[in-house]
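Me: I'm new to reading structures and could use some company. Could you take one part of this one and go through it slowly with me?

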Amino acid sequence: MKIRSPIVSVLGHVDHGKTTLLDYIRGSTIAAKEAGGITQHIGATEIPNDTIENICGDFISKLAIKDLIPGLFFIDTPGHAAFTSLRKRGGALADLAVLILDVNDGFKPQTYEALNILKMYKTPFIVVANKIDRLFGWEVHEGASFRETFSNQAKSVQQDLDNKIYEIVGELHKEGFQSERFDRVSNFASQISIIPISAKTGEGVIEVLAMLLGLAQEYLTEQLEIDENAPAKGTVLEIKEETGLGVTLDAIIYDGVLRTNDEIALMLSSEDVLVTKIRSILRPLPLEEMRDSKKKFRKLDEVVAAAGIKVAAPHLDDVVSGSPLRVLSEDTDVEQEILNEIDNITIDTEDEGILVKADTIGSLEAVVKLLREMDIPIRAADIGDVNRRDIINSSIAYDENELHGAIIAFNVDVHPNSEEDLNNSEVKLFSGDVIYQILEEYEEWVKQKQEDKKKSFYDAIIKPAKFVSLPKLVFRQSKPAIIGIESLSGTLKQGQQLINKDGHVVGSIASMEDKGETLPDISRGQRVAMAIKDAIVGKDFEEGDELYVDIPEKHYKYIEREFKDKLTEDEFETLYEFLEIKRKQDSDWGSFGLFE
Ligand code: GDP
């Protein structure tokens with residue numbers, strides 16, 4: 001048994017300093033050459049423990065960090081897209097994460113997104129409050145520890161920084177995390193450490209490295225234990241064409257040993273398993289050597305986790321990014337395990353729902369997880385660009401349920417040939433590279449659709465209205481009756497059925513006219529001549545009587561249950577007068593049954 005280096009991922013909002021921090025860490029450790037420098041992997045950089053100790057000096061000895069952990073293995077591509085792509089069965093590949101924030105800019109959409117993802121994968125992390133050198137009045141001490149540089153700042157600057165840290169503490173609290181500035185943390189298991197740094201000047205970076213090493217040693221050693229002789233397990237970063245090598249794959253190995261000529265199993269985009277034999281294992285040549293030769297890579301006979309490597313092997317063309325990489329073994333049915341994993345990701349969909357597309361297995365999994373938490377049904381979830389078939393299927397889904405005619409597309413494009421199909425369809429596309437924003441837009445759209453639907457439903461409902469037959473204005477007694485009226489409440493519409501105060505149907509509004517003009521509807525206070533089909537004045541009602549629009553019971557119930565707050569005060573009163581009339585005839589009219 002051996003303990004490997006923890007895999008560390010840097011996440012945070014765009015421009016908050018992810019790349020700068022990784023560059024600084026790499027640069028500063030290269031400078032510390034005498035202590036062994038760094039190992040450049042494919043897609044990752046490993047900083048050995050001695051190098052870290054060398055940089056951190058005194059500071060680390062104070063932390064009582066033993067030699068348990070060999071170093072820190074930083075994933076070179078920062079951001080949550082890389083984080084979710086780099087998965088392993090049941091979780092994230094990264095053992096630890098650094099969530100970076102611009103201390104002057106605070107929480108931004110991708111910060112929340114990264115936080116949600118870390119929460120979802122239960123990945124331990126530290127928060128780094130970057131760009132302290134930009135605080136007003138900050139005095140730079142290149143490469144110094146935070147403690148040292150902080151103690152040399154003016155009181156007002158210190159206060160300013162602390163206020164900003166407290167804002168971060170508050171924001172993290174809202175998201176369900178307890179946190180503190182790292183040097184005030186009393187319990188590292190329950191509180192998140194916030195380390196103020198400048199990725200540009202290097203201030204505080206020492207503490208970041210020491211803290212990561214300390215956390216790994218304290219809480220992760222069990223998880224980091226590997227069997228150096230076990231068949232390797234890894235995750236595919238990407239598939240790449242390389243001159244002279246053909247199609248290769250880049251992968252991170254997190255367990256066991258990988259050897260040339262090993263047979264490995266991988267996941268294909270067709271959802272099948274590929275078994276192939278490793279031709280060579282490659283790692284970047286150190287920069288100096290690269291200059292002297294045309295070659296970029298060095299061949300290795302074997303690598304032990306953690307390692308970032310390039311693999312040359314036949315038939316890699318259709319392997320998917322994020323695929324597991326497993327060396328075949330006699331004890332386990334590796335192929336079946338990979339198939340089970342494909343099932344876990346793809347089959348878990350409903351008959352009806354929306355379509356999800358994403359660029360890698362990991363990001364797809366993350367989006368699907370978030371959608372599930374929001375109770376949004378998913379019809380299908382696939383890797384790759386949005387294509388014609390997706391649009392056709394979504395159009396069909398739209399016809400059955402408008403809300404299912406949506407495509408959530410994370411980090412993928414619409415296939416150029418399919419743009420037109422999309423524009424000509426009712427399908428709604430939500431795309432982008434911030435899951436949380438895409439989902440917010442989708443929810444907004446759903447809300448709008450539901451409101452539109454409710455509105456057209458409301459418009460179709462017969463609502464309370466009444467009028468008075470004005471005395472001495474009976475122009476014709478019957479066939480049809482024509483009388484002068486004044487609308488007292490609500491909106492009267494042509495065609496509506498009318499009842500009198502005893503609840504008897506008197507006929508329906510044939511037409512309404514004012515000064516020779518026909519009016520399809522009139523509102524409260526208007527006086528018009530009304531023709532009422534089938535009514536006889538003197539028999540069905542008298543002049544001076546009030547007549548009500550007859551509301552069907554079903555409509556009444558909808559109003560009562562959903563739209564009552566949309567009625568005006570006089571409509572509301574009329575509704576209850578109308579109800580009283582109805583209930584005189586049938587005391588149960590308009591009451592709700594047990595199952596309504
Ligand atoms: P990313 O998008 O998160 O990878 O952010 P970058 O590392 O590319 O940084 C964005 C910008 O902020 C660049 O112009 C950096 O030079 C700058 N930057 C990053 N860290 C610091 C810092 O600590 N101090 C200052 N002053 N600028 C920084």
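Into which domains is the chain divided? After that, please stay with the ligand and strand 4 of domain 1.

Reply: Happy to! The chain splits into domain 1 (1–224), domain 2 (231–333), domain 3 (347–457) and domain 4 (464–583), with bounds from an automatic or database domain assignment. Between the C-alpha centres of domain 1 and domain 4 there are 73 Å.

Two quick notes before zooming in. This is a predicted model, where local features need pLDDT of at least 70 and side-chain atom pairs count only at pLDDT 80 or more, while totals for chains, interfaces and linings use all residues. Residues are numbered from 1 along each chain as its sequence is written, and side-chain values use heavy atoms, leaving out hydrogens and water.

Now the ligand. It has 15 residues around it, and Asp15, Lys18, Thr19, Thr20 and Asp133 are the closest (a heavy atom within 4 Å puts a residue in this group). Helix 1, residues 18–31, gives the most to that shell, with three residues. Sort the shell by type and you get seven polar residues, six charged and two nonpolar.

Let's look at some polar contacts, meaning pairs of N or O atoms within 3.5 Å. Thr20 has a side-chain N or O atom 2.5 Å from an oxygen atom of the ligand. For Ser198, a polar side-chain atom sits 3.1 Å from a ligand oxygen. Lys200 takes part through its backbone: an N or O atom there is 3.3 Å from an oxygen of the ligand. On its own the ligand would expose 570 Å², and the protein buries 75% of that (Shrake-Rupley areas, 1.4 Å probe).

On to strand 4, residues 44–48 (strands are DSSP E runs of at least two residues, and helices H or I runs of at least four, numbered from the N terminus). Four of its five residues are buried, so strand 4 is largely enclosed by the rest of the structure. Buried here means under 20% relative accessible area (1.4 Å probe, protein chains only).

Who are its neighbours? Strand 4 pairs with strand 3 (residues 39–40) in the antiparallel sense over two bridges; at least two DSSP bridges are needed to call it a pair. Gln40 has Thr45 of strand 4 as its bridge partner. Three residues link the two strands in this hairpin, where Gly43 has a positive phi near 75°. With strand 5 (residues 71–75), strand 4 makes another antiparallel pair, this one over five bridges. There, Ala44 stands opposite Ile75.

How values were computed
Buried < 20%, exposed > 50% of the residue type's maximum accessible area, 1.4 Å probe, protein only. Polar contact = N/O pair within 3.5 Å; in protein donor to acceptor, adjacent residues only side chain to side chain. Nonpolar A, V, L, I, M, F, W, Y, C, P; charged D, E, K, R; others polar.
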